[in-house]
Every structure is written in C-alpha cells, then in structure tokens.
Amino acid sequence: MCQLLGMNCNTPTDITFSFSGFAQRAGVTDHHSDGWGIAFFEGHGDADAGAFDKGLRHFVDHAPASTSPVARLIREYPIKSRHVIAHIRKATQGVVALENCHPFVRELWGHYWVFAHNGNLADYHPHLHSHFQPVGDTDSERAFCWIMQEISKSHACMPPVEELNHTLRELLPRIARHGTFNMLLSNGAALWAHATTDLHYVVRQYPFATAELKDEDLAIDFARCTTPRDRVAVIATQPLTVNEQWTRFAPGELRAFVDGAPLSA
C-alpha cells in the first residue's frame, strides 16, 4: 500500500528534513515506487487560528520519489508552508500515471482542498454528481470526490473546523467499511488525519531537540533553526525518526491539527 506524510505548523516551515527520509521509502528502504506527490498551502506569513492559506503549490510525478528530479527539487528547496500533504504510491487500483498520483486537489467555496489516501477500498463506486468527478481511475480519488460532494451538501458555505470535524466523523466510516482508509485532508485552515490501520504523529515544540531519520543517515538539531514559539506536527504512516516519541492513531480515529497541535477529540 501507499504511505502518507503530513505537516501542520503555527508558522510557515519547510518539510525538507521529513521529506528526505520519506522519499527513501519509494524504492530504497521500501517499495512504494509507483509515483508520488506533494502539495503546499501558502499564505502571507503567520496566520491566526482559523485563517486560511489560499495559495497552493502542487507537484506530482509517476516516477519513484527516490529518483524523481522533481522530488530532488523538493528535498533541496525549502518551501515554507503551514499545511503540507505528501504521498508515495504503491498501486492497488489504477495504472501508474500522473492522473492517479496523490495528493488530489479540488476547489470548493473558493478554497483549494487537498487529499491523499493510503489503503484499498473494495468495490467502492459511490454515486457522484456532476461537480466532483474523478480524473483518474483510483478508489482514492473516488473517495475524495464523494467527501467533497457530501461536505458541499451538508454546508452552505465554509464551516468552522469543529463543524467539519462533526461532518467528517459521520462521513468517513461510510468509506472505511469498504477497506483500509488512512487519509490526510486539508483546506488551508486545518489538516485532518484519519486512520483505520497505520498512522502516527509527533509534535515538535520548545524545548527542541535533535531528530535522526530512520530511512537516511541524516539528523537535524531543531533548536538551531527554530524559535521558542514554533510548533510543528508531523503525521506519517510509519514514524520517520528513531529518537522521537510518535503517537499512534487508534483504529477509526479522526484528528484535526491546527497551528501545529491536535485539537481535543
């Protein structure tokens, strides 16, 4: 199956360290080599809780992330963002092609929404209206289109994060009953993570320490490149570092991350 990587912060931060280790799982330390992608929300610097970052950079490639020249750019170019979603693919449904690479992007209420999925949904063919339709042929994109459709039916305009939590808690179990449904979703104000099997997160905040990657011989002392007010949450299918305390999601758990921390359940 695929693997997920997400980042949510209280101030724009680059993901080069985490992505460097994550990309090695696409053919070097693991076998997720059927394409990859990453999306960065960008605003105008620091934002208050609930504010939106509306700009979006979106990169996908059907080559493995460990060898892709586009992925090399991401590893070396420190794009700063408060919300990032990345994905490396091991195809279960759909051919290896650009249109099947996550994360997927749609617009609703004048905002971009970004989604990535890890898992396999058996016999999943929801009824979709005309506005949200898949471009590729994956179960993941069908699930995203259905989520967007049902969110748009449930709300007349963009609801607060807490209301979206409630809506997603009603919707996501209806998808998860078809199989494994680990996913990341963001609208530029928050990042949602849902697990049925493997998903973990770590929150980095003051006092910062040194982190060592599991998949690459690389370490970073975050105390040297942060301020005391910085806070960063990193979500991944499997922990990316060997010396940090990662928290595992419970089966069926949904969490929203805002300003680098998980909201209370």
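## Trp192 and the strands beside it

In this predicted model, a good place to start is Trp192, whose bridge partner in strand E14 is Ala256. Next to that pair, Leu191 has Phe257 of E14 as its bridge partner. The two strands involved, E8 (residues 191-194) and E14 (residues 254-258), run antiparallel and are joined by 4 bridges. If you would like the chemistry behind such pairing, strands of a sheet pair through backbone hydrogen bonds, either parallel or antiparallel.

E8 also pairs with E7, again in the antiparallel sense and over 4 bridges. Here Leu185 is the residue that stands opposite Trp192. The hairpin of E7 and E8 has 4 residues between the strands, and within this hairpin Gly188 takes a positive phi near 90°.

Are the faces of E8 covered or open? Both are covered. Leu191 and Ala193 are buried on one side, while Trp192 and His194 are buried on the other. As background, side chains in a regular strand alternate between the two faces of the sheet.

## The six-stranded sheet and its helices

Stepping back, E7, E8 and E14 belong to an open sheet of 6 strands in the order E5-E6-E7-E8-E14-E15, with antiparallel pairing. Its edges are strand E5 (104-108) and strand E15 (261-262), each of which pairs on one side only.

Two helices lie across this sheet. Helix H3 (residues 139-154) crosses E5, strand E6 (111-118) and strand E7 (182-186), and runs at about 15° to E5. Helix H4 (residues 161-176) lies across E6, E7, E8 and E14, with a direction at about 145° to E14.

## Two residues of strand E6

Phe115 is found in strand E6. Phe115 counts as buried because its relative accessible area is 0%, under the 20% cut-off. Leaving out residues up to four places away in sequence, Phe115 touches Pro103, Phe104, Ser140, Phe144, Ile147, Phe181, Met183, Leu184 and Leu185. One of these, Leu185, is 70 residues from Phe115 in sequence, yet their C-alpha atoms are 4.5 Å apart.

His111 lies in E6 too. With 13% relative accessibility, His111 is also classed as buried. Beyond its neighbours within four places in sequence, His111 is in contact with Phe52, Lys54, Arg106, Met158 and Asn187.

## Two nonpolar cores

Which residues have the most contacts inside the largest nonpolar core? They are Trp113, Ile147, Ile175, Phe181 and Trp192, in a core of 31 residues. E5, E6, H3, H4, E7 and E14 each supply at least two of its residues. Another core lies apart from it, with 25 residues that include Cys9, Ala23, Ala86 and Leu240.

## The seven-stranded sheet

The model has another open sheet, this one of 7 strands, in the order E3-E2-E4-E1-E12-E9-E13 and with antiparallel pairing. Strand E3 (55-61) and strand E13 (247-248) form the edges, each pairing on one side only. Within this sheet, 8 bridges join strand E1 (residues 3-14) to strand E4 (residues 80-88), and the two run antiparallel. Asp14 stands opposite Lys80 of E4.

Helix H1 packs on this sheet, where it touches E1, strand E2 (36-42), E4, strand E9 (200-205) and strand E12 (231-236). The direction of H1 makes about 170° with that of E1. Helix H2 lies across E2 and E3, running at about 40° to E2.

## Where H1 meets H2

How do H1 (residues 16-23) and H2 (residues 69-76) pack? They do so at an angle of about 145°, with their axes 8 Å apart. H1 contributes Thr16, Phe19, Ser20 and Ala23 to the contact, and H2 contributes Ala71, Ile74 and Arg75. By class, this contact has 4 nonpolar, 2 polar and 1 charged residues.

H1 is mostly covered, with 8 of its 8 residues buried. Among them are Phe17, Ser18, Gly21 and Phe22.

## Cysteines

For anyone planning around thiols, a disulfide is a covalent bond between the sulfur atoms of two cysteines. A search of the whole structure finds 0 disulfides. Cys9 is in none, and the nearest cysteine sulfur, that of Cys225, is 12 Å away.

Is Cys9 buried or exposed? Cys9 counts as buried because its relative accessibility is 1%. Cys157, by contrast, counts as exposed, at 51% relative accessibility.

Conventions
Residues numbered from 1 in each chain as written. Predicted model: local features only at pLDDT ≥ 70, side-chain atom pairs only at ≥ 80, totals over all residues. Heavy atoms only, no water. Axes fitted to C-alpha atoms, helices over the stretch in contact; angles between N-to-C directions. Contact = heavy atoms within 4.5 Å. Nonpolar A, V, L, I, M, F, W, Y, C, P; charged D, E, K, R; others polar. Pairing = 2+ DSSP bridges. Core = buried A, V, L, I, M, F, W, Y, C linked by side-chain atoms within 4.5 Å. Buried < 20%, exposed > 50% of the residue type's maximum accessible area, 1.4 Å probe, protein only. Disulfide = S-S within 2.5 Å.
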